[in-house]
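Work through the exercises below with the sequence and the model side by side. Try each task before reading its solution.

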Amino acid sequence: MACPGGCICGGGQPMVGASLRETLDVKAERAKAIYDEDEASTIRKSHKNPYIQQIYREFLEEPNSHKSHM
């Protein structure tokens with residue numbers, strides 16, 4: 001729940017004090033950080049990830065196969 005680029009308001013996020021919430025839109029700052037991280041990522045789509053492609057080639061056979069479903 002605290003993975004890099006995870007949920008904006010997920011359970012793993014640090015608590016923010018009331019005084020900081022008055023001056024800062026914490027949700028907007030977290031959303032901006034996630035979008036910035038995504039934009040900077042080299043691989044942005046799972047089906048283009050070479051590791052995922054290798055797993056399908058070597059084990060799961062093809063997308064939507066019975067093995068990949070299970």
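The exercises that follow concern a predicted model, and they go from the whole chain to single side chains.

**Exercise 1. The overall build**

Task: Find out how many helices and strands the protein has, and in which order its elements run.

Solution: Begin by counting the elements, which gives four helices and zero strands. Next, follow the chain from the N terminus, and the elements read α-α-α-α.

**Exercise 2. Surface and interior**

Task: Determine what percentage of the residues count as buried, and what part of the accessible surface belongs to carbon and sulfur atoms.

Solution: First take the residues: the protein has 70 of them, and 11% count as buried. Then turn to the accessible surface, which comes to about 6200 Å², with 56% of that area belonging to carbon and sulfur atoms. Finally, look at the contacts in the protein with a separation of 6 or more, of which 19% are made by residues 24 or more positions apart.

**Exercise 3. A salt bridge inside a helix**

Task: Locate the salt bridge between Asp36 and Lys32, and decide whether each of the two residues is buried, partly exposed or exposed.

Solution: Start with the element: both residues lie in helix 2, which spans residues 26-40, and they are four residues apart, about one turn of the helix. Their side chains meet in a salt bridge with an N to O distance of 2.7 Å. For the second part, the range for partly exposed lies between 20% and 50% relative accessible area. Asp36, at 37%, is therefore partly exposed, and Lys32, at 47%, therefore counts as partly exposed too.

**Exercise 4. The other salt bridges**

Task: The structure holds three salt bridges; besides the pair of Exercise 3, which residues form them?

Solution: One of them joins the side chains of Arg44 and Asp38, at 2.9 Å from N to O, and Asp38 is partly exposed with a relative accessible area of 32%. Another is formed by Glu61 with Lys67, where the closest N and O atoms are 4.0 Å apart. In this pair Glu61 is exposed, at 55% relative accessible area, whereas Lys67 counts as partly exposed, at 35%.

**Exercise 5. A nonpolar patch**

Task: Identify the residues that form a nonpolar patch on the surface, and explain why Phe59 counts as exposed.

Solution: The patch consists of Ile52, Ile55 and Phe59, which together have about 270 Å² of accessible area. Phe59 is placed in helix 3, residues 50-60. Since exposed means over 50% relative accessible area, Phe59 counts as exposed because its relative accessibility is 51%.

Terms used
Residues are numbered from 1 along each chain as its sequence is written. This is a predicted model: local features need pLDDT of at least 70, side-chain atom pairs count only at pLDDT 80 or more; totals for chains, interfaces and linings use all residues. Side-chain values use heavy atoms; hydrogens and water are left out. Patches are made of residues with over 30% relative accessible area and no salt bridge: like charges are joined within 9 Å, nonpolar side chains (Val, Leu, Ile, Met, Phe, Trp, Tyr) within 5 Å. Accessible areas come from the Shrake-Rupley method with a 1.4 Å probe; for residues, only the protein chains shown count as cover. Helices (H or I, at least four residues) and strands (E, at least two) are DSSP runs, numbered from the N terminus. Buried means under 20% relative accessible area, exposed over 50%, partly exposed in between (1.4 Å probe, protein chains only). Contact means heavy atoms within 4.5 Å.
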